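Q: Please take a close look at one part of this model: the place where the two domains of the first chain meet. Set it in the context of the whole chain.

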Amino acid sequence: MNSAANAVTLAKEHASKRLAEARADFPILAERVHGRKLIYLDSAASAQKPRAVIAAMVETMEKQYANVHRGLHWMSERATDAYETARAAVARLLNAREPEEIVFVRNSTEGINLVAHSYGRGVLKAGQAVLISEMEHHSNIVPWQMLHDAHGIALRVAPVTDSGELDMQAYARLLEDGRVGLVAITHMSNVLGTVTPAERIIRMAHDAGAKALLDGSQAIVHRPVDVQALDADFYVFTGHKLYGPTGIGVLWARRELLERMPPFLGGGEMISEVTFERSRWASLPHKFEAGTPAIVEAVGLGAAIRYVEEIGYPAITAHEAELTEHALARLAGVPALAVLGQAQDRGGVVSFTLDGVHAHDVATLLDRSGIAVRAGHHCAEPLMRRFGLASTARASFALYTTREEIDALVDALGKVQEFFA
Amino acid sequence: MFDDLDELYQEVIIEHSRRPRHGRRLECFDASAKGDNPMCGDRLELFVRHGPDGQIEDVGFEARGCAISVASADLMAEVLRGRSDEEVLQLAERFRELARTGRSSVPADEALETLQPLGGVHNYPSRVKCATLAWHALIAALQGRKEASSE
């Protein structure tokens, strides 16, 4: 074995060892629920937080907290540094050209609303269209409906195939007339687990003269994202699904787009000069960050990113792929259980229905076994309607999920069936 | 494994959810409303027919929902017949109390005895609205509204 290959092997061993020990980094995983060990299979709704994130936030508040960007004193300079270091971490995570392309928002929903409001009203013209898909979360549907109602910008919807993948032929047809100004599609479905062919989606959008926004809320948790390699125009994700705190999310956009876009919210922080006649906007990214931002939360997100980088995407992706394969194989053996979505390329989210047992009843019974799953329409009602369902139960996996937890889910599902038989 | 769930999923609830006796659209009705639980996507349509004396003569429903919501609609339909709107609205109030607290402050009568198995839901805060969905629809129907929400 040559030394380079040896180094790779060592790095892999280190990565998997680090991952195997990761459970201990999440204090909440030691909690008990209804007297049983917590089995948390609802990470796609919100992930648990490692000690590194909690500690970084506590330390900020205990040792270096003040308002940011008004730094005429030491504490404010420290806080500004910490806040901007978090922005740099996000830029590194996404491989953005520069940290100024990173806008901190509350969550993905706010990021999409910012684009719908600012790019939608400020740049798109009536008569143009926004193209989304049938598998979008409500957060990537409703802002565009609001834009349509206010500004006459049409909303087009690319259908999903029976296997739960984006219908690329229909997508191409919807782009054909050149009226689509913006494509806004999920990078990974929160219901089906489908990972969409982002590069192809973006290339086709560009060929048709449209910009492309990807909703990376789920995807970024499971895979590395390189906005330059993807050639994306906008990318949004939320901190709390990436092991960070709530209240902090990210909008990345190309500098030239952010410069063309009018501000979303007006107020402090986002101006360079204010008179009662008019105001001039601050430089990027501050133009889009009106008011005191979520300083502590941004620091928490920065810590979460460092945590993910330390474990490493190769190890995370491999671990979750193995868990998903194991889950699909085990669930296939549960009688009368149907998994929704059979995409070729998928992440660690599995939705299913159990014949004759409503998803809520499934979730309540699983909860009594200490197993947390989500049940309902997962904020994707149009997708559920597409498959003729009102609700499904959903198990979702994270870097701390184990095979044994999936086995426990499968065993409990067998007992759920017995209970209702 | 689920011993402690017996309080929520009592035999009578499982039975009514599996084979609801009133789970049908009435051919002839004079009041109806849809009930909607937006958080979970459960839906129910309720049909009520009054007799010449103004008392409820028949109740039917079509539902897409969990065991609790279907059983609750079925048990509700069972206790409504032969009652006036006024009585029914009072009963709805007492049922809501039952679902939230497991108890009803007013002395039990026959109707509340029938509904009692649903009292177990009070230990499951996220499921209370499953139990009350049909009653929300009932109130809407009797008040001439077309839709109700359990939110």
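A: Half the chain is interior by count: 50% of the 421 residues of chain A are buried. The model is predicted.

Start with the overall fold. Chain A holds 15 helices and 17 strands. Its radius of gyration is 22 Å, close to the 22 Å that the globule rule gives for 421 residues, so chain A is as compact as a globular protein of that length. The C-alpha trace spans about 70 × 55 × 50 Å along its principal axes. Contacts reach far along the sequence. Take those in chain A between residues at least 6 apart: 70% of them join residues at least 24 apart.

Now the division. Domain 1 of chain A is made of two segments, 15-45 and 312-420, while domain 2 covers 54-309. Over C-alpha atoms, the centres of domain 1 and domain 2 of chain A are 28 Å apart.

The two domains touch. On the domain 1 side, 24 residues of chain A are in contact with 24 residues of domain 2. Which elements of domain 1 give two or more residues to that side? They are helix H12 (313-332), strand S14 (349-354) and helix H14 (381-386) of chain A. H12(A) supplies the largest share, with four residues. By class, the domain 1 side of this contact has 11 nonpolar, eight polar and five charged residues.

Next, the stretch of sequence where one domain gives way to the other. Helix H11 of chain A runs over residues 295-311. Domain 2 of chain A ends at 309, and the second segment of domain 1 begins at 312. H11(A) has 17 residues. From its first C-alpha to its last it reaches 25 Å, close to the 24 Å expected at 1.5 Å a residue. H11(A) is mostly covered, with 14 of its 17 residues buried. Then comes Gly312(A), just after H11(A), with a positive phi of about 95°. H12(A) follows in the numbering, at 313-332. This is the helix that gives four residues to the domain 1 side of the contact with domain 2 of chain A.

Last, the partner chain. Chain B puts 16 residues in contact with 16 residues of chain A. The chain B side comprises 10 nonpolar, two polar and four charged residues.

Terms used: Residues are numbered from 1 along each chain as its sequence is written. Chains are lettered from A and ligands numbered from 1 in the order in which they are written. This is a predicted model: local features need pLDDT of at least 70, side-chain atom pairs count only at pLDDT 80 or more; totals for chains, interfaces and linings use all residues. The radius of gyration is taken over C-alpha atoms; the globule rule is 2.2 Å times the number of residues to the power 0.38. A residue is buried if 20 or more other C-beta atoms lie within 10 Å of its own, exposed if 12 or fewer, and partly exposed in between; C-beta atoms are placed from the backbone. Two residues are in contact if their C-beta atoms, placed from the backbone, lie within 7 Å. The expected span of a helix is 1.5 Å times one less than its number of residues. Ala, Val, Leu, Ile, Met, Phe, Trp, Tyr, Cys and Pro count as nonpolar, Asp, Glu, Lys and Arg as charged, and the others, Gly among them, as polar. Domain bounds come from an automatic or database domain assignment.
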